[in-house]
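Student: I would like a close look at one helix pair in this model. Please take me through how the two helices pack, and set the pair in its wider context.

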Amino acid sequence: MSLPATPPSRPLRPIPRLIFASRWLQLPLYLGLIAAQGVYVFHFWVELVHLLEAAFGSETALQALINGIGYKTDAPITQLNETVIMLVVLALIDVVMISNLLIMVIVGGYETFVSRLNLEGHQDQPEWLDHVNASVLKVKLATAIIGISSIHLLKTFINAANYSDKVLIAQTVIHITFLLSAVAIAYTDRLMSHAPTAPH
């Protein structure tokens with residue numbers, strides 16, 4: 001049994017065509033995010049090289065790491081210790097998670113709001129891109145932000161001696177707010193996806 005032929009689409013009138021074409025104004029924004037990702041990659045490798053150099057005894061690299069993570073202590077630090085390594089590694093993980101967030105915004109946003117990427121059947125197509133839409137993208141972004149906030153909070157608590165109680169409480173409250181917001185977004189999305197459709 002042959003499927004009914006899809007009727008040819010009518011050409012858009014000038015005003016609707018202009019409005020629809022305006023989605024391409026987002027393209028420079030996504031290209032800018034790609035450039036920002038390049039900056040993150042460069043920053044990641046700078047920090048990683050400093051960590052490797054400090055592991056081999058470079059005091060200049062060690063001081064660059066300490067200044068970068070904002071670690072302060074009464075005793076002078078002359079070599080890598082567990083706390084410094086942990087803070088640097090968490091900072092590197094933070095960069096990776098923000099980079100993942102950028103990829104989700106760039107790829108998912110372009111696919112959802114600008115134009116199809118036509119990745120169907122490609123061996124490297126991300127699994128989540130199969131069913132991406134504005135709601136799914138919103139939930140995934142909220143989840144990614146919670147992960148980034150968790151890393152920042154962990155870094156703060158490891159280095160808690162250098163922060164006031166007000167800062168510690170504020171960061172904890174902000175993290176809980178992100179968590180509750182993500183739960184609310186996911187719950188709202190679930191309600192909307194299961195809402196009964198009105199009969200025609």
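Tutor: Start with the contacts across the whole chain. The model is predicted. Take contacts between residues at least 6 apart in sequence: 62% of these join residues at least 24 apart. The protein has six helices and zero strands. Along the sequence the pattern reads α-α-α-α-α-α. Of the 200 residues, 27% are buried. The accessible surface comes to about 14100 Å². Carbon and sulfur atoms account for 66% of that surface.

Now the pair itself. Helix α5 covers residues 134–158, and helix α6 covers residues 165–193. Their axes come within 9 Å and cross at roughly 160°. Angles over 145 degrees count as roughly antiparallel, so α5 is roughly antiparallel to α6. The crossing of α5 and α6 is left-handed.

Next, the residues in contact. From α5 come Ser 135, Lys 138, Val 139, Ala 142, Ile 145, Ile 146, Ser 149, Ser 150, His 152, Leu 153, Thr 156 and Phe 157. They meet Leu 168, Gln 171, Thr 172, His 175, Phe 178, Leu 179, Ala 182, Ile 185, Ala 186 and Asp 189 in α6. By class, this contact of α5 with α6 has 12 nonpolar, eight polar and two charged residues. Among the nonpolar residues are Ile 145 and Leu 153 in α5, along with Phe 178 and Ile 185 in α6. The charged residues are Lys 138 in α5 and Asp 189 in α6. The polar residues include Ser 149 in α5 and Gln 171 in α6.

Note on methods
Residues numbered from 1 in each chain as written. Predicted model: local features only at pLDDT ≥ 70, side-chain atom pairs only at ≥ 80, totals over all residues. Heavy atoms only, no water. Axes fitted to C-alpha atoms, helices over the stretch in contact; angles between N-to-C directions. Helix = DSSP H or I, 4+ residues; strand = E, 2+ residues; numbered from the N terminus. Parallel < 35°, antiparallel > 145°, perpendicular 65-115°, else oblique. Left-handed = near helix turned anticlockwise from the far one by under 90°. Contact = heavy atoms within 4.5 Å. Buried < 20%, exposed > 50% of the residue type's maximum accessible area, 1.4 Å probe, protein only. Areas by Shrake-Rupley, 256 points an atom, 1.4 Å probe, with all protein chains shown as cover.
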